[in-house]
Amino acid sequence: MATILALETSCDETAVAIVRDRTILSSVVSTQIDIHQRYGGIVPEVASRQHVLTLGAELEAALDKAGLGWDEIDGIAATSAPGLVGALMVGLTTGKTLAMVHNKPFLGVHHLEGHIYANYLAQPDLQPPYLCLLVSGGHTSLIGVNDCGDYQTLGQTRDDAAGEAFDKVARLLGLGYPGGPVIDRLAKEGNDKAFPLPEGNISLPEGGFHPYDSSFSGLKTAVLRLVEKLRSEGVDPLPVADLAASFQATVAKSLTKRAIHCARDHGFTTIAVGGGVAANSALRQHLQTAVTAQNLRVFFPPLSLCTDNAAMIACAAADHFNRGHRSTFGLSAQSRLDLSRVMELYPQAIIPQVDVG
């Protein structure tokens, strides 16, 4: 079982973790939310500088919590794509340097593959094939998971990601950044049937709608128009809790319907959810109810593994490591990289030694 130390710096969380196979030995995460709130969103240059300031102390803390020395680490991993290039470079450069200094194999990891692997940390017995609903601030996809490094995107958003829509609607309602947690909290106090809102269907040229693809831009605009209408009618204060609940329920129902449809059409009996929006209480409730009715099963990571963390990166790297996959020190940071191209991160392959006793 490989013991991997991993770094995650793709956006605004600085994280270091040590994982042995599918067991977390230590996980340290520092968020930059307080820093970026004043700007209403993430400032890439600020995020990169904060990673530089934070990463060293986190490395020491992760090793200390795991009670391990460098001689007990089998490999070093870092997120290499996708993400903010400057932020990725901080973790990637640090990871390569550590690998060179300590003479360890190095593995670059796809951030979205990391979110998929968060489910393995919570459910060590989970095995492909299954469907992953990956929902975050930058991504909303339905992914067929066939094996380590073997993924098929079956559905995706055509515009805003679900998490991005939460942030934009929160801004419209004057709730600040980030939008997901505050909308989820307020929605518990509101009526989710107060305002009917459009789901956002994708029309097909031959007629009908795409069964798996999503759109959230129109939903965001519908909330804007609704807020403008209420204000023009003199509604003050705005029924923010009802607006938040109606918006959140619409997103949850949309994602649930598409995930169930996709799972049934492709013969998946298990749905695993990953990404920051996997923490949303309405999505969890809707999806759990739906899979029970369809005789399917669903897995959600614990809240600590929904947002960006290095444990999920280490878990993905451990699986690749055990299969003999290795990255080169020439690997560069990439702002975009389709999940289907994961294996391009591992041009070097070492055939694992099998102990025949």
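Start by selecting Gln248, Ala252, Lys253, Leu255, Thr256, Ala259 and Ile260 in H8, then add Ser281, Ala282, Leu283, His286, Leu287, Ala290 and Val291 in H9; these two groups meet. The model you are viewing is predicted. By class, this contact of H8 with H9 holds nine nonpolar, four polar and one charged residues.

Now show the two helices in full: H8 covers residues 240-265 and H9 covers residues 281-293. Their axes come within 9 Å and cross at roughly 35°. The crossing of H8 and H9 is right-handed.

Next, turn to the nonpolar cores. In soluble globular proteins, nonpolar side chains tend to be buried together. Select Ile4, Leu5, Ile116, Tyr130, Ile143, Val145 and Tyr151: these have the most contacts inside the largest nonpolar core, which has 64 residues. Add residues 310-322, helix H10, which gives the most to this core, with 10 residues. A separate core of 49 residues lies apart from it; Phe216, Ala252, Ala282 and Leu283 are among its members. Two of these names may be familiar from the first stop, where Ala252 in H8 and Ala282 in H9 were part of the helix contact.

Go back to Tyr130 and centre the view there. Which residues is Tyr130 in contact with, leaving aside its neighbours within four places in sequence? They are Ile116, Tyr120, Ile143, Gly144, Val145, Phe268, Thr270 and Ala272.

Switch to a cartoon view for the sheet. Strands of a sheet pair through backbone hydrogen bonds, either parallel or antiparallel. Here five strands form an open sheet, and reading across it gives E8-E7-E6-E9-E10, with mixed pairing. At the edges are strand E8 (150-156) and strand E10 (297-299), each of which pairs on one side only. From one strand to the next, the twist averages 25°.

Select residues 270-274, strand E9, together with E10: the two pair in the parallel sense over three bridges. Within this pair, Ile271 stands opposite Val298 in E10.

At the other edge, select residues 140-147, strand E7, along with E8. In which sense do E7 and E8 pair, parallel or antiparallel? The pairing is antiparallel, over six bridges. Asp147 stands opposite Asp150 in E8.

End the tour at the turn of this hairpin. E7 and E8 have two residues between them, and Gly149 in the turn has a positive phi of about 80°.

Methods:
Residues are numbered from 1 along each chain as its sequence is written. This is a predicted model: local features need pLDDT of at least 70, side-chain atom pairs count only at pLDDT 80 or more; totals for chains, interfaces and linings use all residues. Side-chain values use heavy atoms; hydrogens and water are left out. Axes are lines fitted to C-alpha atoms, for helices over the stretch in contact, and angles run from 0 to 180 degrees between N-to-C directions. Helices (H or I, at least four residues) and strands (E, at least two) are DSSP runs, numbered from the N terminus. A crossing is left-handed if the near helix is turned anticlockwise from the far one by less than a right angle, and right-handed if clockwise. Contact means heavy atoms within 4.5 Å. Ala, Val, Leu, Ile, Met, Phe, Trp, Tyr, Cys and Pro count as nonpolar, Asp, Glu, Lys and Arg as charged, and the others, Gly among them, as polar. A nonpolar core is a set of buried Ala, Val, Leu, Ile, Met, Phe, Trp, Tyr and Cys residues joined through side-chain atoms within 4.5 Å. Buried means under 20% relative accessible area, exposed over 50%, partly exposed in between (1.4 Å probe, protein chains only). Two strands pair if DSSP finds at least two bridges between them.
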